[in-house]
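Work through the exercises below with the sequence and the structure at hand, and try each task before you read its solution.

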Amino acid sequence: MLQVENLEFSWEPGSVLSYDLSVSSGEILAVRGSSGVGKTTLLELIAGFQQPDRGRILWKDKDLTELPPWERPVTSVFQSDNLFGHLSCFDNVVIGLGGRRADDALRQQINECFDLLGLQGLQQRLPSEISGGQQQRVALARALIRAKPILLLDESFSALDWTMRQGCFDALRAVVDAHDMATLLVSHDDRDAEYLECRQLLLRPPETR
Amino acid sequence: MAVRDHQININRKAGGGYVIIGIGVAASLVIIALLTIGALLVAGDVGSGFGGTSLASIWRVALFTFWQASLSALLSLAIALPVARACWRRSLAWHANKLILLSFLTVVMPTTVAVSGLLGIWGQTGLVSSILARMGAAPLPPIYGLGAVLLAHVFFNAPLMLRVLLTVFAAIPAEQMRLAAQWGLGDWQRFRIIEWPRLRTVIPGLLALVFLLCFTSFSLILMLGGGPAVTTLEVNIYTALRFDFDLRMAASLSLVQLSICAVVVAFLARFGTTTMSGVAAARSRRLPQRGDENPVGKAIDAFLLAGFMCLAVAPVLSVIFKGVSSHMVSIFLWPSFQRALLATLGVAVTSGILATGVALLMAASRVRLGPAGQWSFDLAVSLYLAVSAIVLGTGAFILLRGVVDVFLLAPVLVLMANMLVALPFAYRVVQGKMALLAKTQDKLCLSLDVRGWRRFRLVTLPAMAPEIGFAAGLSAALSVGDLTVIALFGSQQFQTLPWLLYQMMARYRTGDAAALALILLLITILIFVGFALGARWLQRRPRHAAG
Amino acid sequence: MKSILSICFTVLLSLPLVAHAKPVLTVYTYDSFASEWGPGPAIEAAFEEKCDCDLQFVALDSSIGILGRVQLEGGASKADIVLGLDTNLMATAEQTGLFAPHGANVSGRTNLPVAFDDEVFMPFDWGYFAFVYDSSKLRDVPVSLDALVNAPDDLRIVIQDPRTATPGLGLLLWIKSVYGDEAADAWARLAPKIVTVTKGWWDAYSMFLEGEADMVLSYSTSPAYHMIAEETDKYRAAGFAEGHYMQIEVAAMLKSSSQPVLARQFMDFILTEGFQSVIPTTNWMYPAGKAELPAAFSSLITPKTSLLFTPQDVAANKSAWVEEWQSAITR
């Protein structure tokens, strides 16, 4: 269970964003709200790219708030630029594994994962050689292999057309179910949550204090 | 929906120990510079003190040096900018790079060779004079003096500026050019709205760099100045050190030079960055814009481009023509040539790699520092543009003379001195890209735990390959052409090609000297190209990224 | 293959042992002297035959550089002998206190136009400074220094900087010795004809050879090179009626030498034929001792008067004279 307890953060003095929510393992939470309401900020706080002014982030009762990003059990999938342009899709997955060697077992695992996500045969392609949707799915493949229990998606599929997006959502489901990941998905489109049949969270605008 | 472009702010340094090492290196750079000057001051009683120069004349020389350097920098810009725009307008950016490489060589060639190339075109028996004579007109008058110095400075530095300016133009996003085309913006408006804001960040750094190069210019001054009226601080330092043995005078002049340069660099740094990427401009064609087809504009552009090519490339061609002869073949058979060739290549390649390595380390550390830290780094590195190699060398000599046999250590000292001289250039080439990469890749790398050495090896190196190739090639090429450092430490046992050239020049051997000059030129090109190609190897796709 | 390698290895290892059996005499000199087409190799061979030692030249970039280097190195210098200073540097060199008397007998063995007998400094070659021109191109050749100074301004000459090159200093002293207090005025009249003032001798000479100037300040022996090596006699030196200034090059041994006996032997060797016979066609100067001159040398100019300031005069006045030159020429 991922718990965000009374988290407070301000970009500018006097305007405070506050969050208080929880996500269970295997659950997808769609985070929605108007522009500037702090959806991306929430994900950044959970991932560790920003430090909250107050509050805690807990995963299974373990306090993550003081940990740097690489020590948190989190995988982030950004809106774009998830992949390194000079590495093949296969290498892009492997590089996220903290130095593990690509032995046969791992190679097998990755190939299976690629099959699962509809990326058969793209292992040796460069990101520039595949479509946007495929790129995001490679990022999902990486998340799957990394198998971290928390998955954060920041408008990851917003730039794709609806058909591609549906394909990605199916892939997302497979990934989440494989490891029971607690997943937050930021999106501005109503249809997303509908298709995923998941809980939604509407963020309040920042308070002025 | 827009994501704010903000700095990520984690509670532990994303960087590791390398930042500390980088700071250490920056501090050492400052310490070494000050130590060597200090050594001269302390050992000052060694000199026989012939120099009796008064403060007033030092002030005069400093003022003249400043004036000459500023003019040269501004003139170079005044030429490079219109030519860059002409290149850009005619979508020649990519092809121009090949020609610019050729003219760029004058920056790294030994000045003697480059100036003789210049004289081969503009001298009284040069190409232009011969053409004039054939047309029946009077030949060119002798060109020595301040005018010649300024011209030569422009010839040698405008290509450098041009290269950097072209990268700025190439970096203009296609969208902006599309908007310009759609709105029908005229040439001046495009300049004012689209081009100038980008150029503005680069120009101060470029001016600072060229100013420093011209400020510390000395071989060129001696060759073209025409007499003692045209002199720089560097010339006086050289004279004080080598001919009057007035070490104290040399040290004091060095400090004056250092201070002036530091002030200018610091001042200009407020207006722009110090980067000088200079890496090959993108190959994309520029979208046709309103006014492109204007015949007057076309004629002006053609004139600018052709003129520049003639001016900048001609001296290099002159070196080639003078040097091509049977001497070239016989030279290769001399044992002294072969030894010198090996020494030159060894020192050049090593100092190229070292300079680039240190530059990368410092650029990587710089990213993690605050503005004050970044500014100090830039200054520490730029210091070596203002400290002359001869002061460094003599200072090192004094520091080491009791401790170790300097002759044995000569190759190492030459290597270190060459590396220090090349460092400011390598740093400028890699720093900008490094900062950009850090910004765009930080979040991804941090979230995947790709940090430290692993990040450098797997992510940064391949992405920086072109810059690394250029930086290393440039540093190595500068070392190939160096004549000042080797003059201090060369000996029968350890010679480089420029020193061989220098010796031959003093022995009536014109044919051999010209041939060797050409060989030097070819080696410089080879090294440049070699490193550029070698850098591609950095981009090779690893079988797997793990490990 | 392995055995061949091990033999080579053993031989290579033992070579230094063999080589080190002989004492080493280190001579600091300027680079063109020690280079493979200078006098160095022949002199080394000749001396090593007589001394059973290993003569090693250390080439430095100029004669002034030699003095500077030994001064920088101080007592720890490994030089036994410096070779290549000239009379203008002698006083300075003496003041450093680094040099020892050579103990050789000089009288009767020298062939110099002026008397020269110094305990510490041994002359090894000499020459006259002269302006060299291309006789196929220049018609009105000045016959005296005064004629040069007063020549029409379209005569283009190139000279060297007296602060950085010995010929440049030579010309300064030449004009000073001919004109005395009027020297500044003479320079002012000469200035419009000067195309440029170069840092080194070769910079000026190559400019002349490429046609950038009509006359170049060089040595009276320069034409000999062209006659012998290039078989052309179109390059000549202009003989001036007032006389020519001389350059005498000297050698000295260091007090701190670790091989004083060998060093003294070498100093004595300098005036012998073994050394002197090499000089004319490798260093292109007149030998200081008695030696045969090549035929081409007979067609060189022979000035009636040889001008030379004493080393003490030069040392005392050089900076003042150089400053006078600087202001005269920049007016």
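**Exercise 1.** Find how many residues chain B and chain C each bring to the contact between them, and which elements of chain B take part.

*Solution.* Count two residues as in contact if their C-beta atoms, placed from the backbone, lie within 7 Å; the contact then takes 34 residues from chain B and 43 residues from chain C. Next, look for the elements of chain B that give two or more residues to the side touching chain C, which are helix H9 (219-224), helix H10 (233-242), helix H16 (389-400) and helix H20 (497-505); helices are DSSP runs of H or I with at least four residues, strands are runs of E with at least two, and both are numbered from the N terminus. Finally, sort this side of chain B by class, which gives 17 nonpolar, 14 polar and three charged residues, where Ala, Val, Leu, Ile, Met, Phe, Trp, Tyr, Cys and Pro count as nonpolar, Asp, Glu, Lys and Arg as charged, and the others, Gly among them, as polar.

This is a predicted model, in which local features need pLDDT of at least 70 and side-chain atom pairs count only at pLDDT 80 or more, while totals for chains, interfaces and linings use all residues. Residues are numbered from 1 along each chain as its sequence is written, and chains are lettered from A and ligands numbered from 1 in the order in which they are written.

**Exercise 2.** Describe how domain 1 and domain 2 of chain C are placed and how they touch.

*Solution.* Begin with the bounds, which come from an automatic or database domain assignment: domain 1 covers 17-126 + 247-294, and domain 2 covers 127-246 + 299-330. The C-alpha centres of these two domains of chain C lie 27 Å apart, and 17 residues of domain 1 are in contact with 18 residues of domain 2. On the side of domain 1 that touches domain 2, helix H5 (87-96) and strand S10 (244-254) of chain C each supply at least two residues, and the largest share, five residues, comes from H5(C). By class, that side divides into 10 nonpolar, six polar and one charged.

**Exercise 3.** Which elements make up the secondary structure of chain A, and what box do its C-alpha atoms fill?

*Solution.* Count the elements of chain A, which come to six helices and 10 strands. Then take the principal axes, along which the C-alpha atoms of chain A fill a box of roughly 55 × 35 × 30 Å.
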